[in-house]
Amino acid sequence: MAVAVVALSVPLALNIERRAASEFRAGVLGNAAILAARVSHLVDGGGGDGARLLGVVTETAEQLDARIVVTDGQGLVVADSAGVADPGTAYATPERPEFGVALFQGQIDTRRRHSETLGEDLLIVTVPVVLRGGVVGAVRVTRTQGTLQAEVPGSNSEPAQCKMG
């Protein structure tokens, strides 16, 4: 009987994890697009207020329980909600291909990839920041796989036990 419970629990857990990841991408995509629109004039340099930009980014990151990195049109960091990346740090690199898609192709990018720095998988949504019809930057929202799993009821627990008879 225990084999049957385990055999059913594994596919169910995988399905729940996939659904949580899909819901994360859908929810974050909308929030990232709204954030990109809100900060477009600040990213382009027209707002000239880095503190205001960082405030908006940090507030949104707290609401989403995520890290948000915003770059300019060349892929240089202009705001990092976690304060890890200094302004001016190059983030449009081969190790972070999601920025290239948003910045140089003007497309939304969603992916899961491994972070060597954190030692775990990241769920990533990156959107271009558009102003007057041109891409002036990118907004990337990330969460670790572990953070997402922690929100899924039962995802970190042992398989359910069923008593038959």
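Arg-143 counts as buried in this predicted model, because its relative accessibility is 7%, which falls under the 20% limit for burial. Its side chain nevertheless has a charged partner, since the side chains of Arg-143 and Asp-65 meet in a salt bridge with an N to O distance of 3.4 Å. Arg-143 belongs to strand β5 and Asp-65 to the loop between α2 and β1, so this pair ties together parts that lie 78 residues apart in sequence. Asp-65, for its part, is partly exposed, with a relative accessible area of 47%.

Strand β5 also carries Arg-140, which counts as buried at 3% relative accessibility. Arg-140 forms a salt bridge with Glu-98, and the closest N and O atoms of the two are 2.9 Å apart. Here again distant parts of the chain are linked, with Glu-98 in helix α3 (residues 97-104), Arg-140 in strand β5, and their positions 42 residues apart. Glu-98 is buried as well, its relative accessible area being 0%. The arrangement extends to a further residue, for Glu-98, Arg-113 and Arg-140 are linked in a network of salt bridges.

A search of the whole structure finds six salt bridges, and one that involves loops is the pair of Arg-132 and Asp-44, whose closest N and O atoms are 3.1 Å apart. Arg-132 lies in the loop between β4 and β5, whereas Asp-44 lies in the loop between α1 and α2, so the contact ties together parts that are 88 residues apart in sequence. Arg-132 counts as exposed, with a relative accessibility of 71%, while Asp-44 is partly exposed, with a relative accessible area of 35%.

From the salt bridges we can turn to the pairing of the strands. Strand β5 runs antiparallel to β1, and six bridges join the two; within this pairing, Arg-67 has Thr-142 of β5 as its bridge partner. β1 is joined to strand β2 (residues 77-80) by three bridges, and these two strands also run antiparallel, with Ala-79 in β2 serving as the bridge partner of Val-70. Four residues lie between the strands in the hairpin of β1 and β2, where Gly-75 takes a positive phi near 85°. β1 is mostly covered, five of its six residues being buried.

The same strand leads into the nonpolar interior. In soluble globular proteins, nonpolar side chains tend to be buried together. The largest nonpolar core of this model has 23 residues, of which Val-43, Leu-53, Ile-68, Val-70, Val-139 and Val-141 touch the most other members. At least two residues of this core are supplied by each of α1 (2-43), α2 (50-64), β1 (67-72), β4 (120-131) and β5 (134-144), and the largest share, seven residues, comes from α1.

Ile-68 shows in detail what surrounds one of these core members. Leaving aside its neighbours within four places in sequence, Ile-68 is in contact with Leu-35, Val-57, Thr-60 and Ala-61, with Ala-79, Asp-80 and Ser-81, and with Val-139, Arg-140 and Val-141. Among these contacts is Arg-140, the residue that forms a salt bridge with Glu-98, and also Ala-79, the bridge partner of Val-70 in β2. A second, separate core comprises eight residues, including Val-77, Tyr-91, Phe-99 and Ala-102.

Definitions and conventions:
Residues numbered from 1 in each chain as written. Predicted model: local features only at pLDDT ≥ 70, side-chain atom pairs only at ≥ 80, totals over all residues. Heavy atoms only, no water. Core = buried A, V, L, I, M, F, W, Y, C linked by side-chain atoms within 4.5 Å. Buried < 20%, exposed > 50% of the residue type's maximum accessible area, 1.4 Å probe, protein only. Contact = heavy atoms within 4.5 Å. Pairing = 2+ DSSP bridges. Salt bridge = Lys/Arg side-chain N within 4 Å of Asp/Glu carboxyl O.
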